[in-house]
Amino acid sequence: MIVVTTPTGRIGRDLLDLLLDARDAGPLRVVARDPARLPARVRDRAEVVRGSHADPGLLKEACAGADRVFWLVPPTPTADSAERHFDAFTRPLCEVIGQGGVERVVAVSTLGRGVARDAGPVSASLAMDDRIAATGVHYRALCPPFLMENLLGQAGAVRDRGAFFLTVAGDRVLRTCATRDIAAAAARLLLDPTWTGRADVPLVGPDELTPEGMARVMAEVLERPVGYRRATAEEYRASLARSGASEGWARSVSDMVRAIDEQGFYGADAPSTPEWAPTGFRQWCEEVLEPAVRN
């Protein structure tokens, strides 16, 4: 049996579609805070456990009889810090693994191992990997760089202001990955019973674009002017706070964006991995960003 966490998020939804279409996936169980948000075919074909996978008792129930787990710690801007947030989810999983039964865990993590320092959620993700792997479970950490879908929150700014905003230098390469490729990689690993041990799986798209280069691609696809505007980490922190994030979360995320810019672990030194992350930025703009901007 496969247990899928965060089944209503972008990655979880795509992953469930792939698993439901697979002939050899076996029984599926999902952990969902709000089962009403699940598609009808998921509710019809998968067992649903209602609640949070940070709840030790609920997670134990969800993993009973399961041998594979897809693991993703959901971002929660109201949490007091990224580090404590990740710890609150990771401890129950490690306890469940220690009780036996779960053989393989596939988790969403990040690039940056051996490089990232004081990087908020990035550092917390990498610490999560170490803690889960230390249980002895067979473990694969899916490690994308900047997610293309992070730009969807700026679809209105692209449409109305002709610009998008990040905190990295406009002339430095920012590696990207589409969430669809994360879901495909997760399905591929969850359906493969042969891998063992621990490994990172970098998910780096085929492009070597700077934010300014991304703006040019957007402009060509959308057939309208699009520019790039660089914000500071402090401006980003303030915008998170205005949108309701806790002070601790806003500080953690501002630490992350500062580290991405200064330490470069999402940059040109990260080689592309087209066998795991084939979606190019132009294709993503045509298929995902353009409909969001047009609407």
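**Notebook: the parallel sheet and its cores**

Started with β6, which is mostly covered: five of its six residues are buried. Noted up front that this is a predicted model.

Next I looked at what sits beside β6. On one side, β5 joins β6 through five bridges, and the two run parallel. I picked one pair to find on screen: Val-108 has Leu-142 in β6 as its bridge partner. Then I followed the chain from β5 to β6; the path goes through α5, and this β-α-β crossover is right-handed.

Which strand pairs with β6 over five bridges in the parallel sense, besides β5? That is β10. The pair I marked here is Arg-140, which stands opposite Ala-199 in β10.

Zoomed out to the whole sheet. I wrote down the order as β3-β2-β1-β4-β5-β6-β10: seven strands, an open sheet, parallel pairing. Which strands are at the edges? They are β3 (47-50) and β10 (198-202), and each of them pairs on one side only. I also looked up the twist: neighbouring strands are turned by 15° against each other on average, direction ignored.

Then I checked β1 and β4. Strand β1 covers residues 2-4 and β4 covers residues 68-71, and they pair in the parallel sense over three bridges. Ile-2 is the residue I used to find my way, since it stands opposite Arg-68 in β4.

Helices on the sheet came next. Helix α5 (residues 121-133) packs on it and touches β4, β5 (104-108), β6 (138-143) and β10. The direction of α5 makes about 170° with that of β6. Helix α7 (residues 179-190) also packs on the sheet, and I found it touching β1, β4, β5, β6 and β10. For α7 the angle with the direction of β6 is about 165°.

Last stop was the nonpolar cores. As a general reminder to myself, nonpolar side chains tend to be buried together in soluble globular proteins. Which residues touch the most other members of the largest core? I got Trp-71, Phe-164 and Phe-281, out of 76 residues.

I clicked on Phe-164 to see its surroundings. Setting aside neighbours within four places in sequence, Phe-164 is in contact with several residues, including Leu-151, Val-158, Pro-211, Met-214, Met-218 and Tyr-228. The contacts also include Gln-154 and Arg-229.

There is a second, separate core too, with 32 residues. Among them I noted Ile-11, Ala-46, Phe-70 and Leu-190.

Definitions and conventions. Residues are numbered from 1 along each chain as its sequence is written. This is a predicted model: local features need pLDDT of at least 70, side-chain atom pairs count only at pLDDT 80 or more; totals for chains, interfaces and linings use all residues. Side-chain values use heavy atoms; hydrogens and water are left out. Two strands pair if DSSP finds at least two bridges between them. Helices (H or I, at least four residues) and strands (E, at least two) are DSSP runs, numbered from the N terminus. Axes are lines fitted to C-alpha atoms, for helices over the stretch in contact, and angles run from 0 to 180 degrees between N-to-C directions. Contact means heavy atoms within 4.5 Å. Buried means under 20% relative accessible area, exposed over 50%, partly exposed in between (1.4 Å probe, protein chains only). A crossover is right-handed if, with the strands pointing away from the viewer, the path from the first strand over the helix to the second runs clockwise. A nonpolar core is a set of buried Ala, Val, Leu, Ile, Met, Phe, Trp, Tyr and Cys residues joined through side-chain atoms within 4.5 Å.
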